[in-house]
Amino acid sequence: MSNKETVIVLDFGGQYNQLIARRVRECNVYCEILPYTVDIQKIKDIAPKGIIFTGGPNSVYDETSPHYTPEIFKLGIPILGICYGCQLMAYSLGGVVTPATDNSSSEYGKTETQYNTDDVLFKGLPESGISWMSHRDYISEVPEGFSVTATTAVCPTAAMSCPDKKLYGVQFHPEVNHTENGKSMLKSFLYDVCECKGEWKMESFIDTTVAQLKEQIGDKGVVLGLSGGVDSSVAAALLSKAVGKQLTCVFVDQGLMRKDEGDFVEETFTKLFDMNFVRINCQDEFLSKLKGVVDPEKKREIIGTEFYKVFWGKIRESYGSGFFAQGTIYPDRIESGKGDAAKIKTHHNQVGIPEDIKFESVIEPLKDLFKDEVREVGEKLGIPHQLVWRQPFPGPGLGVRVIGEVTAEKVHILQEADAILRDEMDKCGYSEQMSQFFAVLPGVKTVGVMGDARTYDELVAIRAVTTDDFMTADWAKIPYEILGRVSNRIINEVEHVNRVVYDITSKPPGTVEWE
Ligand code: XMP
């Protein structure tokens with residue numbers, strides 16, 4: 001029996017499973033996601049304080065739909081069923097789930113819902129509010145001993161409960177932000193029904209993960225590709241805490257990072273953390289491969305291929321055994337599963353392992369965390385603020401912000417202009433209000449006048465966006481004074497630049513990066 005307060009999320013294949021887990025963690029309760037195929041003995045061994053059944057894409061009466069042994073309802077452990085999980089609970093305990101024969105009983109999206117505020121899940125909340133629905137079937141009759149605790153205009157059972165048996169179900173999704181007070185409902189289930197105390201903290205995630213990594217890695221080596229981005233940096237810091245010098249971080253500096261960034265990454269990881277840090281300086285190789293190339297996709301392909309060659313060449317030569325670690329986070333796993341989205345541009349993040357290099361296995365210590373949770377772990381591990389809050393940076397780096405052919409001179413101009421932009425944005429406290437901002441060198445020369453003389457020099461473009469998910473983005477309304485200061489400084493301080501423009505294109509139709 002586990003001594004820590006655990007809640008199990010039993011996964012029936014819904015799309016919000018990790019989000020449920022995350023909400024549970026936000027309530028300071030430790031949570032594990034288990035597939036619906038798990039043996040009930042394992043659940044008994046864990047002895048969780050509560051179980052949450054997730055949603056799922058099926059209908060409960062389909063022959064192939066995921067079910068679970070009804071014995072689970074007899075363990076005396078509180079259960080909350082969400083969407084499909086609620087229907088499964090009703091169906092398994094003798095209620096009636098009715099297939100939607102037409103669209104009149106299905107609901108998708110924000111739905112006005114009436115709550116019985118005497119029920120523990122809804123106590124203290126307004127009697128009506130918006131919930132997020134996504135279902136076709138509906139519960140037309142609740143099982144014996146249950147009562148209906150919420151309804152909508154078309155759904156007779158938007159929630160049900162049987163307090164005697166500590167069984168609760170909601171047809172809507174309390175875990176998504178669109179459900180007003182959804183988090184409060186989950187919290188009531190965790191604290192008032194499951195009687196959790198909420199003592200779990202991110203430090204506990206760090207302690208547990210470090211202990212697991214120690215056990216898994218033993219006395220073997222582990223190698224990690226460090227890009228200087230948030231995710232690989234946090235993975236590196238965790239692994240360093242677990243196995244110290246058994247960890248080798250390989251950092252490929254292709255000369256396409258922002259000003260002084262390569263040195264900053266090296267300094268951070270050699271001074272603050274115990275590990276072997278290997279920096280491969282290959283600016284010249286990358287630039288020579290990019291010579292004369294102007295097509296954006298071709299440039300991305302060359303940078304990706306060259307990176308692969310250099311990185312794996314080094315590993316093959318020196319570190320190709322033991323474990324391979326990656327900073328994969330949960331949204332990466334979702335995105336790589338999407339598959340059929342139209343190709344707009346090639347992103348390279350995850351690097352497949354060449355067949356001739358044999359590792360024991362791949363370790364992904366952050367694979368279940370969301371970005372802000374990764375940042376929290378990073379802060380707790382002592383990674384500098386600047387790195388933990390680093391904006392997204394494309395794999396091909398400044399290679400896709402120098403439009404057209406990439407040369408050392410152009411990269412230098414862009415690095416200087418970008419550093420001024422960042423400095424000004426930091427000074428006025430705007431940096432963290434932007435989702436991403438950077439300078440671009442479009443490779444356009446324009447005529448200007450400086451000190452009474454004609455100039456014919458480079459144009460720099462400033463791009464700044466706000467977005468929740470980078471799928472769509474709005475151009476940021478930076479005050480004119482700040483843009484003015486940035487423009488003045490770039491023109492005065494960066495040689496070969498005589499004009500600055502601001503990009504006011506949203507995504508779509510533009511993309512965030514220019515290439
Ligand atoms: P776009 O330009 O596609 O960018 O609107 C959306 C987000 O993705 C970043 N980006 C990349 N990230 N590898 C990455 O890891 C890449 O090749 C890449 N290309 C674009 C971009 O900076 C923005 O945050």
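**Exercise 1. Confidence.** Determine what the mean pLDDT of the chain is, and find the pLDDT over residues 337-341.

*Solution.* Begin with the chain as a whole: this is a predicted model, its mean pLDDT is 93, and 95% of its residues reach 70 or more. Next, turn to residues 337-341, where the pLDDT is below 50 and where the model shows one contact beyond near neighbours in sequence. Where pLDDT is low, the predicted coordinates should not be read in detail.

**Exercise 2. Domains 2 and 3.** State how the chain is divided, and describe the contact between domain 2 and domain 3.

*Solution.* First, set out the division, which gives domain 1 (6-193), domain 2 (202-388) and domain 3 (407-502). The contact between domain 2 and domain 3 takes eight residues from domain 2 and ten residues from domain 3, while the C-alpha centres of these two domains lie 29 Å apart.

The next step is the area. The size of an interface is often given as the accessible area lost when the parts come together. Between domain 2 and domain 3 about 720 Å² is buried, with carbon and sulfur atoms giving 51% of this area. On the side of domain 2, Arg258, Lys259 and Leu287 supply 62% of the area buried against domain 3, more than any other three residues.

**Exercise 3. Polar and charged pairs.** Count the salt bridges across the interface of domain 2 and domain 3, and classify the residues of domain 2 that touch domain 3.

*Solution.* Start with the salt bridges, of which one is found across this interface. Glu416 forms a salt bridge with Lys259, their closest N and O atoms being 3.3 Å apart, and this separation meets the criterion because a salt bridge requires the side-chain nitrogen to be within 4 Å of the carboxyl oxygen. Between the two domains, three residue pairs are in polar contact, both residues of each pair being at pLDDT 80 or more. By class, the side of domain 2 that touches domain 3 then divides into three nonpolar, two polar and three charged residues.

Finally, consider the whole structure, in which the search finds 34 salt bridges. One of them joins Arg422 and Asp418, with the closest N and O atoms 3.2 Å apart; both residues lie in helix α13 (residues 408-427), four residues apart, which is about one turn of the helix.

**Exercise 4. Backbone geometry.** Locate the cis peptide bonds at Pro508 and Pro509, and give the phi of Asn181.

*Solution.* Most residues other than glycine have a negative phi, and most peptide bonds are trans. Against that background, take first the segment after β21 (497-502), where Pro508 lies: a cis peptide bond joins Lys507 and Pro508, with omega about -15 degrees. A cis peptide bond also joins Pro508 and Pro509, with omega about 10 degrees, and Pro509 lies in the segment after β21. Last, Asn181, placed in the loop between β11 (167-170) and α4 (182-193), has a positive phi near 65 degrees.

Methods
Residues are numbered from 1 along each chain as its sequence is written. Side-chain values use heavy atoms; hydrogens and water are left out. Domain bounds come from an automatic or database domain assignment. Contact means heavy atoms within 4.5 Å. Buried area is the accessible area (1.4 Å probe) that two parts lose on being put together, summed over both. A polar contact is a pair of N or O atoms within 3.5 Å; within protein, one must be able to donate a hydrogen and the other to accept it, and residues adjacent in sequence count only if both atoms are side-chain atoms. Ala, Val, Leu, Ile, Met, Phe, Trp, Tyr, Cys and Pro count as nonpolar, Asp, Glu, Lys and Arg as charged, and the others, Gly among them, as polar. pLDDT is the predictor's confidence in each residue, from 0 to 100. Helices (H or I, at least four residues) and strands (E, at least two) are DSSP runs, numbered from the N terminus.
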